Amino acid sequence: MNLLSVENIAKAYGEHVLFSDISFGINKDQKIALIAKNGSGKTSILNILSGIDTPDSGQVNYRKGIRVSFLDQEPNLDPNLTIEETIFASDNEVLQVIRAYENALENPDDADAYQHAFEGMERFQAWDFETQYKQILSKLNLNDIHLKVAILSGGQKKRLALANALINKPDLLVLDEPTNHLDLEMIEWLEEYFAKENMTLFMVTHDRYFLERVCNEIIELDEGVMYPYKGNYSYYLEKKEARIEQEVTEQHKSKLLFKKELDWMRRQPKARTTKSKSRIDDFYEIKDRASKRRNENQVELEINMERMGSKILELHKISKSFPGKPILDKFEYNFLRGERLGIIGKNGTGKSTFLNIISGNDEPDSGKVVVGETIKFGYYTQKGINIKEGQKVIDVIREFGDYIPLAKGRQISAQQLLERFLFDRKKQYDFVDKLSGGERKRLYLCTILIQNPNFLILDEPTNDLDIVTLNVLESFLMDFPGCLLVVSHDRYFMDKIVDHLFVFRGDAVVEDFPGNYSDFRAYEDSVVMEYRASKKENTPVEPEKTVKVKEEKKKLTFNEQKEFTNLEKEIKKLEQKKVDTQQKFADTSLTGEQIDKLSIELKEIEETIEAKTERWFELSAQLE
């Protein structure tokens, strides 16, 4: 059943055309994601669907009587209402019944009102609905429903708007970056909720695991053309690659044909026949196809950053707390060269405070932060960049630097860096106030990188960035030779970039986990399964003790984790070397002296294998 049809819509701001002649439909129970570069008009399309904006041409047709809810990136909520009042301000009839029932519970002396409210709950079968809506508020950490919207943080407002949208159970839910401001536990709950509920969704999100596990169709807006893919994110990547390969093949054919037709055009006399005029028209069409280019840039930067000394960053017995909320308690850690550390934990456990202490923007209550003399921080915060009125893109980045030194005496200019992060030369001379939110975040990232830091601190760098930019950023960071410290709820990003994690549990508990986010989730799930199994066997095992034992077994230092990984590679090479040495004995021309030398060499290899294998088992025992 079709809920909505988009027919030939177009949108432009002055001379800047976002899109034109865009058409697609949304059917019941489809879960569709829209993918496009920042600045391509994703948010404009969402605003048009939700009725906030109108297209310059074309139209959007809704099925009669359907209810549409829209989750904006920056929700517009009444600051004078409480959380509870915001929820019940909906015109949803079932919510009105639940509100009447809850009012009756607060006034038990009015028996008639209670009876009327109880009958209403029965008539609308609202009991399950009430349970579900309270579960949604709890999962989104909106427990104090009497708080005023005016005092809520940006993240709390986003979660309230999301709760409102889910509770209203619309026929179509339109979502703009639904995972922003949610911690990992909330995101995983929302994934599960969307996957099991029969809901129709149309969303823009950069969270690739979310796309993978929730969406059953992806629409890509690429170079002004819509491409539908009937599958999840993995299917989209596979089919997009095939499409681009096909386009490259077609363009190559067009170039060959263009060359042939160009020769014909040059040979033609001035007088034209009807047939030749038709061929001339075809020539210009072939020319357009042959000259079409994909606007993609790859980051290939061999950064020649400032040398790092032996001392990087040392944290000595760091303590920090706020009233009623301990963050760190005598925390100690020494960072190593090339360390790639991710930080995860629920909202409010102190992740951003930790980054501020490291970067010198906040002071610990006690303890000492020792920064190496050669360390140059680059700190990407959630606040973003302050833009002066009338500034152009290129002017903003040149305030921080004109170039980055590369290997072998080369350098990359500010303009070239912007190009690699998808700002073409024309875009570089646009005024910053014309940029989309995602484009501003991308520009902010460039201002950090142009300063050539050797210790990058990134606080939620993936928020508001499109998937194309995320791939560019990941490519850059995977080749970054310095230290990297990342707070992010983007699990896909964390899995690719970091080697180990600090897990902020709350109440000043910080655990060092040797692995990426997927490793951590697998470990956590295994602990839960073990505990459940022990309960089934009626074995009196406390869950806290189970966790503690598991952590003690798994407690490898960062160096030990690296050693463990390297040992596997070294043993494999030694085994091959052993085989090669053994095969040399088959040579009948060997002298006695050569055989003795080979025997000694083989023995040394076998002893080395034995020693390294023993060490491997010793370390692996701690991981079991």
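Let me begin with a word I will use often: a residue is called buried if its relative accessible area is under 20%, exposed if over 50%, and partly exposed in between, with a 1.4 Å probe and protein chains only. Helices (H or I, at least four residues) and strands (E, at least two) are DSSP runs, numbered from the N terminus. What we have here is a predicted model, in which local features need pLDDT of at least 70 and side-chain atom pairs count only at pLDDT 80 or more, while totals for chains, interfaces and linings use all residues. Residues are numbered from 1 along each chain as its sequence is written, and side-chain values use heavy atoms, with hydrogens and water left out.

Let me take helix 11 to start with. In this helix, residues 351-359, 7 of the 9 residues are buried, so the rest of the structure largely encloses it. The buried ones are Lys351, Thr353, Phe354, Leu355, Ile357, Ile358 and Ser359, and after the helix comes glycine 360, with a positive phi near 85 degrees.

Now to a sheet. It is open, with 6 strands in the order 5-6-7-3-8-9 and mixed pairing, where two strands pair if DSSP finds at least two bridges between them. Strand 5 (68-71) and strand 9 (225-229) are at the edges with a single partner strand each, so one side of each has no neighbour in the sheet.

Strand 5 pairs with strand 6 in the parallel sense over 4 bridges, and valine 68 stands opposite leucine 172 there. In a regular strand the side chains alternate between the two faces of the sheet. Along strand 5, Ser69 and Leu71 point to one face and are buried, whereas Val68 and Phe70 point to the other and are not. Strand 6 (residues 172-176) also runs parallel to strand 7 (residues 201-204), joined by 4 bridges, with valine 174 opposite phenylalanine 202.

Finally, the largest pocket. A pocket, on a 1 Å grid over the protein atoms alone, is an open set of points where a 1.4 Å probe fits, with protein on both sides within 12 Å along at least five of seven lines, and lining residues have an atom within 4 Å of a point. Its volume, the space filled by probe spheres set on the points, is about 970 Å³. Of the 29 lining residues, Glu185, Glu188, Lys346, Arg521 and Glu524 are the closest to the centre of the pocket. Among the elements that each supply at least two residues of the lining are helix 7 (184-196) and helix 18 (517-536).
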